[in-house]
Amino acid sequence: MALFRTTFRGTEMRPPVPNISRRTLANGDPAPRVVRCKDANNGPSSSNQLTVSITGATGFIGRKLVQRLLAENHNVRVLTRSTSKARSVFPAQEFPGIVIAEDPEWGNCIEGSSAIVNLAGMPISTRWSPEIKKDIKQSRVDVTSKVVGLINQLDDDVRPSVFISATAIGYYGTSETKVFDEQSPSGSDYLAEVCREWEARASGVDKKVRLVLIRIGVVLGKDGGALAKMIPLFNLFAGGPLGSGQQWFSWIHLDDLVNLIMEALVNPTYKGVINGTAPNPVRLSEMCNNLGKVMGRPSWLPVPDFALKAVLGEGATIVLDGQKVLPLRAKELGFSYRYPYINNALKAIMSDGI
């Protein structure tokens, strides 16, 4: 069956490819048969149905993205290093429409996908040791390099047309006075170094593939992330700003971040660096005050610097320091935020239960 392309909102999307691939080796002999990913969604496909392969799908952001894609009848392929973990997060009886592929099968799933979303990376909110810092960096760089290599080795007719790769606002470094946007230079600290290399590896993708780098801020949602760690403190009447409270808190509601990724999947004007933050960053003290009001709890007892450093060591920088980041590119593209203000975002999250 001849391969063909269809167009959805300006982005090239491809129908499912045959399940068996036959290639020729350098010496002219036929290559061994390779079984490709077979999507569980056997219903009729349409020109606007995507097949999206995702790394980091079992994480806070990835879980929500998978749910959204399935709700809109797209095919999802979970690229994982642990099938058992992925199946525990996405049990077959609740998620019958996804494919779970361990490391050796990633290439087979990437082949014929409409798009790749790269969200993989070890959590950074932990005590940093030299070994942990190495793992934080390599978990991002290695997976990104692997995915880019697998994309680049494919022929044009089966190569994904879009590659969305997460990065972070840590790229800009930290400051209580500066304002950062997508054109701002990178910082000089450890997290900035991680983000630079992370983005550099993603930028190695074939130029025929539309690349979107989303520099993600602090993601707020009910099922994980920073907010889930702060809620217990407020429930114990011990909630309050971390450190001075004057550090900037550049945040985004989980629903808005997923909406941004979804738009980037299908809208060809989304390319290059886009800050994944809400348009109204706040000082951490203001965020804590709003959270306290929404929960009906006080927000007056600050957590001192030395206490955080005792727990997190050098890793305390992720909460003691911050940056004011504005999403100028998203605004230029006309992206519509459901939760542009912190108070409305927190009210929505808390009313949903956590």
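Select valine 78 to start, a residue found in strand 6, where helices (H or I, at least four residues) and strands (E, at least two) are DSSP runs, numbered from the N terminus. The model is a predicted one, in which local features need pLDDT of at least 70 and side-chain atom pairs count only at pLDDT 80 or more, while totals for chains, interfaces and linings use all residues. Residues are numbered from 1 along each chain as its sequence is written, and side-chain values use heavy atoms, with hydrogens and water left out.

**Strand 6 and its surroundings**

At 1% relative accessibility, valine 78 counts as buried, a word used here for under 20% relative accessible area, with exposed meaning over 50% and partly exposed in between (1.4 Å probe, protein chains only). If phenylalanine 90 is added to the selection, the C-alpha to C-alpha distance from valine 78 is 9.5 Å, for two residues that are 12 apart in sequence.

Select arginine 77 next, which is placed in strand 6 (residues 75–80) and is buried, with a relative accessible area of 4%. Its side chain has two backbone oxygens to display: that of cysteine 109 lies 2.5 Å from a polar atom of the arginine 77 side chain, and that of glutamate 111 is reached by the side chain of arginine 77 at 3.4 Å. A polar contact here is a pair of N or O atoms within 3.5 Å; within protein, one must be able to donate a hydrogen and the other to accept it, and residues adjacent in sequence count only if both atoms are side-chain atoms.

Asparagine 73 is in the loop between helix 1 and strand 6, and it is partly exposed, with a relative accessible area of 44%. The backbone is worth displaying here, since phi of asparagine 73 is near 70 degrees, a positive value in a residue other than glycine.

Proline 104 can then be selected in the loop between strand 7 (98–102) and helix 3 (106–110), where it is exposed, with a relative accessible area of 69%. The C-alpha atoms of proline 104 and threonine 80 are separated by 9.8 Å, and the two residues are 24 apart along the chain.

**Aromatic rings**

A search of the whole structure finds 5 aromatic pairs, where rings of Phe, Tyr and Trp (its six-membered ring) pair if their centres lie within 6.5 Å, and planes under 30 degrees apart count as stacked, over 60 as edge-to-face and the rest as tilted. Select tryptophan 128 and tyrosine 190, whose ring centres are 5.1 Å apart and whose planes stand at 65 degrees, so that the pair is edge-to-face. Tryptophan 128 lies in the loop between strand 8 (115–118) and helix 4 (130–152) and tyrosine 190 in helix 5 (residues 190–202), so the pair ties together parts that are 62 residues apart in sequence. Both tryptophan 128 and tyrosine 190 are buried.

For tyrosine 171 and tyrosine 172, the ring centres are 5.4 Å apart and the planes are at 85 degrees, so this pair too is edge-to-face. Tyrosine 171 and tyrosine 172 are both buried, and Tyr171, Tyr172 and Phe180 form one aromatic cluster.

Two charged side chains can be added to these rings. The charged end of lysine 133 sits over the ring of tyrosine 190, 4.7 Å from its centre, and the charged end of arginine 215 sits over the ring of tyrosine 171, 3.6 Å from its centre; the condition is that NZ of Lys or CZ of Arg is within 6 Å of the ring centre and within 35 degrees of the ring normal.

**The end of helix 4 and beyond**

Asparagine 152 is in helix 4 and, at 29% relative accessibility, counts as partly exposed. Its C-alpha atom is separated by 5.6 Å from that of aspartate 206, although the two residues are 54 apart along the chain. Arginine 159 is placed in the loop between helix 4 and strand 9 (162–168) and is buried, with a relative accessible area of 8%, and its side chain reaches the backbone oxygen of isoleucine 151 at 3.3 Å.

**A pocket to finish**

The second largest pocket has a volume of about 250 Å³. Of the 14 residues that line this pocket, the closest to its centre are Lys64, Lys222, Asp223, Asp255 and Asp352. On a 1 Å grid over the protein atoms alone, a pocket is an open set of points where a 1.4 Å probe fits, with protein on both sides within 12 Å along at least five of seven lines, and lining residues have an atom within 4 Å of a point. Grid points are joined across faces, edges and corners, and a volume is the space filled by probe spheres set on the points. Helix 1 gives the most to the lining of the second largest pocket, with 4 residues.
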